[in-house]
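In this notebook I record what I looked up in one protein structure. The entries go from the whole chain to single residues.

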Amino acid sequence: MKNVTVYSKPNCMQCNFTKKFLEDNSVEYTMIDVYENEEALNKIKEMGFQSLPVVEIEGEEPFFGFRPDRLAKLAV
């Protein structure tokens, strides 16, 4: 299974949708709260993202927002 990281923040609706989708489909992931981890916040800014969530999937281009089309590929 590919490593999945979700960069999130509290009270973020799209972040919550993303995490719920992964949980409902039994996809393991690591969640990083960018409000608690300034290094992670700087990392996603350096990657050019300004919106959350940012999802990193091993071997794929990172993306932002709730993207069930991309996440569904993990739910195999």
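The entries below concern a predicted model.

**Entry 1: the overall fold**

I began with the secondary structure and counted three helices and four strands. Reading along the sequence, I noted the order β-α-β-α-β-β-α. I then looked up the radius of gyration, which is 11 Å; the globule rule gives 11 Å for 76 residues, so the protein is as compact as a globular protein of that length. The C-alpha trace spans about 35 × 25 × 15 Å along its principal axes.

**Entry 2: surface and contacts**

I looked up how much of the chain is covered. Of the 76 residues, 38% are buried. The accessible surface comes to about 5000 Å², and carbon and sulfur atoms account for 47% of that surface. I also examined contacts between residues at least 6 apart in sequence: 59% of these join residues at least 24 apart.

**Entry 3: the disulfide**

How many disulfides does a search of the whole structure find? I found one. I reminded myself that a disulfide is a covalent bond between the sulfur atoms of two cysteines. Here the bond joins C12 to C15, with an S to S distance of 2.3 Å. Is the disulfide of C12 and C15 right-handed or left-handed? The torsion about the S-S bond is about 75°, so the disulfide is right-handed. I checked the accessibility of the two cysteines as well, and both C12 and C15 are buried.

**Entry 4: aromatic pairs**

I searched the whole structure for aromatic pairs and obtained three. One of them is formed by F17 and F66, whose ring centres are 5.6 Å apart. Their planes stand at 45°, so I entered this pair as tilted. The two residues come from distant parts of the chain: F17 lies in helix α1 (residues 13–24), and F66 lies in the loop between β4 (63–64) and α3 (68–71), 49 residues apart.

I then asked whether these two residues are buried or exposed. F17 has 43% relative accessibility and therefore counts as partly exposed. F66, at 29%, also counts as partly exposed.

F66 takes part in a further pair, this time with F21: the centres are 6.2 Å apart and the planes are at 65°, which is an edge-to-face arrangement. Because F21 is in helix α1 and F66 is in the loop between β4 and α3, this pair ties together parts that are 45 residues apart in sequence. I concluded the entry by noting that ring pairs link F17, F21 and F66 into a cluster.

**Entry 5: a charge over a ring**

Which ring does the charged end of R67 sit over? I found it over the ring of F63, at 5.8 Å from the ring centre.

**Entry 6: the surroundings of S8**

Finally, I examined S8, which belongs to strand β1 (residues 4–8). Its relative accessible area is 1%, and buried means under 20%, so S8 is buried. Which residues is S8 in contact with, leaving aside its neighbours within four places in sequence? I listed C15, K19, M31, I32, D33, V34 and L52. C15, one of these contacts of S8, is also one of the two cysteines in the disulfide of Entry 3. For K19 I looked up the separation from S8: the two are eleven residues apart in sequence, and their C-alpha atoms are 9.2 Å apart in space.

Methods: Residues numbered from 1 in each chain as written. Predicted model: local features only at pLDDT ≥ 70, side-chain atom pairs only at ≥ 80, totals over all residues. Heavy atoms only, no water. Disulfide = S-S within 2.5 Å. Buried < 20%, exposed > 50% of the residue type's maximum accessible area, 1.4 Å probe, protein only. Phe/Tyr/Trp six-rings, centres within 6.5 Å; stacked < 30°, edge-to-face > 60°. Lys NZ or Arg CZ within 6 Å of the ring centre and 35° of its normal. Contact = heavy atoms within 4.5 Å. Rg over C-alpha atoms; globule rule 2.2 N^0.38 Å. Areas by Shrake-Rupley, 256 points an atom, 1.4 Å probe, with all protein chains shown as cover.
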